[in-house]
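The exercises below are meant to be worked through with the sequence and the model side by side. Each task is followed by a solution that proceeds step by step.

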Amino acid sequence: MRKAILFALAACFILVGVAQAVQYRQLPVETYIDKMKGGWAGQMIGVSYGAPTEFKACGCTYDQPLKWSPDRVSNSIHQDDVYVEMSFLEAIEKYGLGITHKQAGEEFAKTQFRLWHANKQGRENVQAGIMPPVSGLPKNNPHYCDIDFQIEADMLGLINPGLPKSLWAESDIFGRIMNSGDGLYGGVFMGAMYSEAFFQSDVEKLIRYGLRAIPDQSVYAQTIWDVIRWHNAYPDDWRKTWQLVQDKWASRPSGKCSGDPKGFNIDASVNGAYIVIGLLYGGGDLGKTMEICTRCGQDSDCNPSSAAGVLCTMLGYARIPDHYKSGIPAIADQKFEYVKYSFNDLTPTCLKVARENIKRAGGYMKK
């Protein structure tokens, strides 16, 4: 994996990819802030958009009318899809970027929010003395392939702009609390897309970049490659691609959630496929992307949250249509449940941690 080093020149972040020769990538501080805010806003909008449909379509598409009004974004304050990952940010602030598996696990064990599946089992494991990284292994956590870390890795991408090596290292620290295998890879894939969205404006190239961060032979990667291939074959029919995912991948065992007679499936790779279906068929349009992700069903608030977060990082906060973001200022100083951050608190905190990641990667800032 390419190493990334960050420099700053004239109030800019300058990324240097070290291979045979030095290559520069430029990211002004103002652009970083705008895109990072876009990533958080996208998650908030996406989760609020899909929330009324969560698990109302399992093994089928959601075909009822979808409604949106800007004030609905206030729902995100109460969504575990957003605030759980903020507990990782609190742990990083407490211990620094050198945080260990043990420290990360102990902080997660102290959290008071309600959890499910891999997160719940992971926290119970740590509380019982089964510490990460083994707390997320199949022998200790039958939910290891579930969606949990996939919906919590967004923050790690947002504090690692163009820094895939440190993204992987921090994903290993936090993701192994609750997941391993494809469950871990889902988070790394998602975080890598966020990380590269600071520099990339082509959705398919962004997805392919995310795939570079995980093993090609993994079921997760194979599933996403299938979605890309089917999208190319059926570029105007997302339902055809959805059905192909359902036929080939949806029956794959996923911990205790496999074989559910009602079609319930929170497998990371299947729900990751729905995210990618939304991104590809959405064509860069936020409303269309969220609608398709939501209509794919299953965890249909998490998936549009992830897709909208990635897309809005690419767009930047300023370019998010007012129809979707105009409700955010009214709640921008309200704390998310169970954590110390508001939307406005996240900007200085993420900027501070991103600068530390840059410094640890060998970069520096020059004003």
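**Exercise 1. Describe the largest pocket of this predicted model: how much space lies in it, and which residues and elements line it?**

Solution. Begin with the volume: about 280 Å³ of space lies in the largest pocket. Next, turn to the lining, which consists of 18 residues, and among these Glu 54, Phe 55, Asp 80, Trp 116 and Asp 299 are the closest to the centre of the pocket. Then assign the lining to secondary structure: helix 2 (80–95) and helix 4 (117–127) are the elements that give two or more residues to it, and helix 2, with three residues, supplies the largest share. Finally, sort the lining by class, which gives eight nonpolar, four polar and six charged residues.

**Exercise 2. Examine the backbone at Phe 55, His 117 and Pro 133: what is phi at Phe 55 and at His 117, and which peptide bond at Pro 133 is cis?**

Solution. A general expectation comes before the individual cases: most residues other than glycine have a negative phi, and most peptide bonds are trans.

- Phe 55, which is among the residues closest to the centre of the largest pocket, is found in the loop between helix 1 (29–50) and helix 2. Although Phe 55 is not a glycine, its phi is positive, at about 60°, and its relative accessibility of 30% makes it partly exposed.
- His 117 has its place in helix 4. Its phi is also positive, near 55°, in a residue other than glycine, and at 26% relative accessibility His 117 counts as partly exposed.
- Pro 133 is found in the loop between helix 4 and helix 5 (154–158), and the peptide bond that leads to it from Pro 132 is cis, with omega near 15°.

**Exercise 3. Characterise the nonpolar interior: how many residues does the largest nonpolar core have, and which helix gives the largest share of it?**

Solution. Start with the chain as a whole, which has 15 helices and three strands and in which buried residues make up 61% of the 367 residues. For contacts between residues at least 6 apart in sequence, 70% join residues at least 24 apart.

In soluble globular proteins, nonpolar side chains tend to be buried together. Here the largest nonpolar core has 105 residues, and those with the most contacts inside it are Trp 40, Phe 174, Phe 189, Ile 207, Ile 277 and Phe 336. Helix 11 contributes the largest share of this core, with ten residues. Another core, apart from the largest one, has six residues, including Ile 151, Phe 264, Ile 266 and Cys 302.

To look at one member in detail, take Ile 277: leaving aside neighbours within four places in sequence, its contacts are Val 227, Trp 238, Thr 241, Trp 242, Val 245, Gly 282, Ile 292 and Cys 296.

**Exercise 4. Decide whether helix 12 is largely enclosed or largely open, and say what covers its buried residues.**

Solution. Helix 12 spans residues 286–295, and because eight of its ten residues are buried, it is largely enclosed by the rest of the structure. The buried residues are Leu 286, Gly 287, Thr 289, Met 290, Ile 292, Cys 293, Thr 294 and Arg 295. Their cover includes helix 1, helix 10, helix 11, helix 13 (302–315) and helix 14 (322–325).

Then inspect the two ends. At the start of helix 12, a side-chain oxygen of Asp 285 reaches to within 3.2 Å of the backbone nitrogen of Gly 287. After the helix comes Gly 297, whose phi is positive, near 85°.

**Exercise 5. Compare two loop residues, Asp 267 and Ser 218: where does each lie, and what does the side chain of each reach?**

Solution. Asp 267 lies in the loop between helix 10 (238–248) and helix 11 (268–282). With a relative accessible area of 0%, below the 20% cut-off, Asp 267 is buried, and its side chain makes a polar contact with the side chain of Ser 269 at 2.3 Å.

Ser 218 lies in the loop between helix 8 (203–212) and helix 9 (219–233) and, at 7% relative accessibility, likewise counts as buried. Its side chain reaches the backbone oxygen of Pro 215 at 2.7 Å. Beyond residues up to four places away in sequence, Ser 218 touches Asp 182 and Tyr 185.

Note on methods
Residues numbered from 1 in each chain as written. Predicted model: local features only at pLDDT ≥ 70, side-chain atom pairs only at ≥ 80, totals over all residues. Heavy atoms only, no water. 1 Å grid on protein atoms, 1.4 Å probe; cavity = no way out; pocket = protein on both sides within 12 Å on 5 of 7 lines; lining within 4 Å. Points joined across faces, edges and corners; volume = space filled by probe spheres on them. Helix = DSSP H or I, 4+ residues; strand = E, 2+ residues; numbered from the N terminus. Nonpolar A, V, L, I, M, F, W, Y, C, P; charged D, E, K, R; others polar. Buried < 20%, exposed > 50% of the residue type's maximum accessible area, 1.4 Å probe, protein only. Polar contact = N/O pair within 3.5 Å; in protein donor to acceptor, adjacent residues only side chain to side chain. Contact = heavy atoms within 4.5 Å. Core = buried A, V, L, I, M, F, W, Y, C linked by side-chain atoms within 4.5 Å.
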